[in-house]
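Here is a walk through a structure, from the whole chain down to single residues. Keep the viewer open while reading.

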2 protein chains.
Amino acid sequence: MTDSQSSKSRPKVVVLGAGFAGLNAVKTLGSAHVDVTIIDRNNHHTFHPLLYQVALAVLSPGDIAQPIRSILSNHNNVEVLMEEACQIDVVAQTVALKTGIKLPYDFLIIATGSTHSYFGKEEWAGVAPGLKTIEDATEIRRRVLLAYELAERQMVETGSHAPLKFVIIGGGPTGVELAGAISDIANLYMLRDFRHIDTSSTEVCILEGSTSILAAYPEELRQKAVQQLQALGVQVRTGFHVTDVRPGYVMVGSERIESACTLWAAGVQGSPLGRMLGLDVDKRGRVPVDKFLNPKGLPNVFVCGDLAYLEQDGNAIPGVAQPAMQMGVYAGRRIKHLVQALEVVKNFPGFRYFDKGDIATIGRKAAVAKILWPFRANWSGLLAWLTWMGVHIFFLIGFRNRVSVFASWARTYIRLRDGVRLIVGSRELPGWDSLSKETMPAPEPIDQAFAAESK
Amino acid sequence: MTDSQSSKSRPKVVVLGAGFAGLNAVKTLGSAHVDVTIIDRNNHHTFHPLLYQVALAVLSPGDIAQPIRSILSNHNNVEVLMEEACQIDVVAQTVALKTGIKLPYDFLIIATGSTHSYFGKEEWAGVAPGLKTIEDATEIRRRVLLAYELAERQMVETGSHAPLKFVIIGGGPTGVELAGAISDIANLYMLRDFRHIDTSSTEVCILEGSTSILAAYPEELRQKAVQQLQALGVQVRTGFHVTDVRPGYVMVGSERIESACTLWAAGVQGSPLGRMLGLDVDKRGRVPVDKFLNPKGLPNVFVCGDLAYLEQDGNAIPGVAQPAMQMGVYAGRRIKHLVQALEVVKNFPGFRYFDKGDIATIGRKAAVAKILWPFRANWSGLLAWLTWMGVHIFFLIGFRNRVSVFASWARTYIRLRDGVRLIVGSRELPGWDSLSKETMPAPEPIDQAFAAESK
């Protein structure tokens, strides 16, 4: 912050999570008149769509992660905190951090994403890791590669090895990508790495609970995907509901499926921060938001990315990178507009009377004028009187009036007569009852004359 | 209103009073996206600074008044109602009219000005009329001219007449202007109108309670004004507190001052509408406002003109035309800005997910792509896979990452080997306890390698 003076009155935006949504929100706010604090447990942003390539040892963690600080280093109004939020107070408008600090906010963006869901079977987590973080990816890599190392060692020590079978639970994009990649490294890249085992004997199996893998894709592409997976030797088994996950095998009803390594790609649930707003969440822990991405009744809180539940054209917007980025940009832009609106209200200058002076006229050709603008002067007499005339003609509303008043004045002041000395209304003066009404002269038809002139 | 569709959602502005403040507010709002209703008891705007000339028969009422409708006829978003407001509900945001109609508002401008104040002696009103309306002016004219007519008739009937003495209570601008004008018409314009009385025998007397007339003017000009008034034959008596006003005379303490016609120019008080806000008013019935012209706690209500009490540089802004016009313009401009701010908030479009499509990769050279933008297509195989590569390289954050990932892919996919198949962390797989830890090969120095690559 270069200008600490002006930053004091700036609205504070707190962004929780530096995923696609959070990062895009902050970038959008990078040029706005707000102070942004982005908070993430990690010091890096992860490019999730390529996480499976880290898991399958094609890429390094450093290839798909970038320190948040370096991504946002050009935005002077942005502060990055490697921290964890543990409480949100929407009334006091503060976010409590694990260190105990309470961070005040004017606008809050919650974009803490989602984590794996084992549908209540948390004990499966240790056996079948999911793929959400760099740590998950390196854990999966460890398990996959270790399975080959162990098989090689078994061959050396015993002359045979347990089947190299990988079971992937869940046939969404992540499951399909993991399956294809395992098949690739087994059949292509590692072929010459081992002396005793044949890595091409690897079996990969996708267990999908619903009737089809890649449910979000058109039927044509789903079939193509199955064909392509089968060409790689991947078994695709749909309609298989996993009932138990144990070290070395998976149960589907009474069927036991051997597994050298089980991976979880079946379900996700919203980050626990979603529940901290004190609002209802859906069964997957997502926060329902309106079209402005605000949870009910909280117009200065935005929930973006996987954590948000928003229907569009009858379907929930999916929890993938594309909508997360778009939501982040949207929240940033909306906050910019709201801040602009607030500034209009707050920064509008107060009323100040600009006194140009005063003129009081005192009969014909006499007046006093206290002139304050465009110059300062105290005038009296004819000059003041002419100024008075000019000012009043100028400000009189209506062209006809101006001409009429100017003509009246000219006539009256020059010829010293005329004027409109018509008596209208009652012909009695209060207290002048010494003269009886009966002796008054007959009225002239002045009522009509007045009616005509004031028309 | 040409566009009834769009006008429905427009904010409603109700303006009470078509004086300088109200009219200027409406003109300022004339081009804004609001619907304005201006309400006045009269169908005309009065140019108050020249009212005394109507009173003294120099100008006609029609010269200084203009129908409100014709002033505002060019503004299609403005409606004029000849009506009277009798109640304001700031919670429901409605103005109740005498006819029983309740008019809803989003913004309210109260500019109903001021009326005479007889300091609690309302019985004086009938004897000494003030000068606030066209009706007041014609009443004063009637009384002044009738005084001469009666004197002429007294002369004809009795050979003498009561002294033509006019007493003006109050030495502010209105009092001075009335005094000068009466003196002028008596000494100049009417000289040849009467056959029996000598109009130049008219005496005019100003009774001012404070130590000086024209208190708002510098000392130099006040003295000049007294000199000019005296040159016209006007008596200026300062420090005279009127204790009674009766038909034919005025009492100042025990002194009885004869008066053929008494005029009131001493005090004003705010319009009764000011009290209807339910807020404290000052002793003159004015509504204290903040620098935005809002009464306390009512940011969408503006009080402008004589009815507003606002101090500037230690002095109350005077109840004259200039500040009233400026306040009206200010309130109009502020409402325009507030409306703009509201529009930003209200009209900002909701979030819509723009789905460009989905791509899932299935190993090397195989993928399925549901493309929705920039064209629609379902691709599978190599084309889909190349698209997937391009999209991911493009969206990957960080130039270094892009180069690095591209290089990794090129190496891996073309040479079918390499990759980063490093096992990091524990060397045990859950469930693979058939092999004892002791027989595992010594670890390579991969921890350092990983640390280096993820740096």
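The paragraphs below move from overall make-up to helix packing, the core, the chain contact and some backbone details.

This is a predicted model. Start with chain A. Its secondary structure comprises 12 helices and 26 strands. Of its 455 residues, 45% are buried. Now consider contacts in chain A between residues at least 6 apart in sequence. Among these, 60% join residues at least 24 apart.

Take one helix as a check on geometry. Helix H7 of chain A covers residues 173-189. Its 17 residues should span 24 Å at 1.5 Å a residue, and the end C-alpha atoms are 22 Å apart, so the expected and modelled lengths agree. H7(A) is also mostly covered, with 15 of its 17 residues buried. Chain B can be put through the same exercise. For helix H7 of chain B, residues 173-189, the expected span is 24 Å and the end C-alpha atoms lie 22 Å apart, which agrees. Because 15 of the 17 residues of H7(B) are buried, this helix is largely enclosed by the rest of the structure.

Next, look at how two helices pack. In chain A, helix H2 (residues 20-29) meets helix H9 (residues 321-347). Their axes come within 7 Å and cross at roughly 35°. The crossing is right-handed. On the H2(A) side, the contact is made by A:Phe20, A:Ala21, A:Gly22, A:Leu23, A:Asn24, A:Ala25, A:Thr28 and A:Leu29. The residues that H9(A) brings include A:Ala324, A:Met327, A:Gly328 and A:Ala331. By class, the contact has 12 nonpolar, five polar and two charged residues.

Turn to chain B for its own pair. Helix H2 (residues 20-29) of chain B and H9(B) have axes that come within 7 Å and cross at roughly 35°. This crossing is right-handed. Among the residues that meet here are B:Phe20 and B:Leu23 in H2(B), and B:Ala324 and B:Met327 in H9(B). The contact of H2(B) with H9(B) divides into 12 nonpolar, five polar and two charged residues.

Which residue classes would one expect to find packed inside? In soluble globular proteins, nonpolar side chains tend to be buried together. Here the largest nonpolar core holds 110 residues. Those touching the most other members are A:Val15, A:Ile109, A:Cys304, B:Val15, B:Ile109 and B:Cys304.

Zoom in on A:Cys304. Leave aside its neighbours within four places in sequence. A:Cys304 is then in contact with A:Ala21, A:Ala25, A:Ile109, A:Ala111, A:Leu293, A:Ala324, A:Met327, A:Gly328 and A:Ala331. One of these partners, A:Ala324, has its place in helix H9 of chain A. A:Ala324 and A:Cys304 are 20 residues apart in sequence, and their C-alpha atoms are 6.2 Å apart in space. Why does A:Ala324 count as buried? It has 29 C-beta neighbours inside 10 Å, and the cut-off for a buried residue is 20 or more. Beyond four places in sequence, A:Ala324 is in contact with A:Gly19, A:Phe20, A:Ala21, A:Cys304, A:Gly305 and A:Asp306.

Now step back to the two chains together. In the contact between them, 110 residues of chain B touch 109 residues of chain A. Which helix of chain B gives the most to its side? Helix H9 (residues 321-347) of chain B does, with 12 residues. The residues on this side of chain B divide into 58 nonpolar, 30 polar and 22 charged.

Finish with the backbone. A cis peptide bond joins A:Trp373 and A:Pro374, with omega about 5°. A:Pro374 lies in the loop between strand S25 (367-371) and strand S26 (377-380) of chain A. In chain B, a cis peptide bond joins B:Trp373 and B:Pro374, and omega is again about 5°. B:Pro374 is found in the loop between strands S25 (367-371) and S26 (377-380) of chain B.

Two residues other than glycine have positive phi. For A:Leu214, phi is near 50°. A:Leu214 lies in the loop between strand S12 (203-208) and helix H8 (219-231) of chain A. With 24 C-beta neighbours inside 10 Å, A:Leu214 counts as buried. For A:Asp313, phi is near 55°. A:Asp313 lies in the loop between strand S22 (311-312) and strand S23 (315-316) of chain A. A:Asp313 counts as exposed, because it has 8 C-beta neighbours inside 10 Å.

Notes: Residues are numbered from 1 along each chain as its sequence is written. Chains are lettered from A and ligands numbered from 1 in the order in which they are written. This is a predicted model: local features need pLDDT of at least 70, side-chain atom pairs count only at pLDDT 80 or more; totals for chains, interfaces and linings use all residues. Helices (H or I, at least four residues) and strands (E, at least two) are DSSP runs, numbered from the N terminus. The expected span of a helix is 1.5 Å times one less than its number of residues. A residue is buried if 20 or more other C-beta atoms lie within 10 Å of its own, exposed if 12 or fewer, and partly exposed in between; C-beta atoms are placed from the backbone. A nonpolar core is a set of buried Ala, Val, Leu, Ile, Met, Phe, Trp, Tyr and Cys residues joined through C-beta atoms within 7 Å. Two residues are in contact if their C-beta atoms, placed from the backbone, lie within 7 Å. Ala, Val, Leu, Ile, Met, Phe, Trp, Tyr, Cys and Pro count as nonpolar, Asp, Glu, Lys and Arg as charged, and the others, Gly among them, as polar. Axes are lines fitted to C-alpha atoms, for helices over the stretch in contact, and angles run from 0 to 180 degrees between N-to-C directions. A crossing is left-handed if the near helix is turned anticlockwise from the far one by less than a right angle, and right-handed if clockwise.
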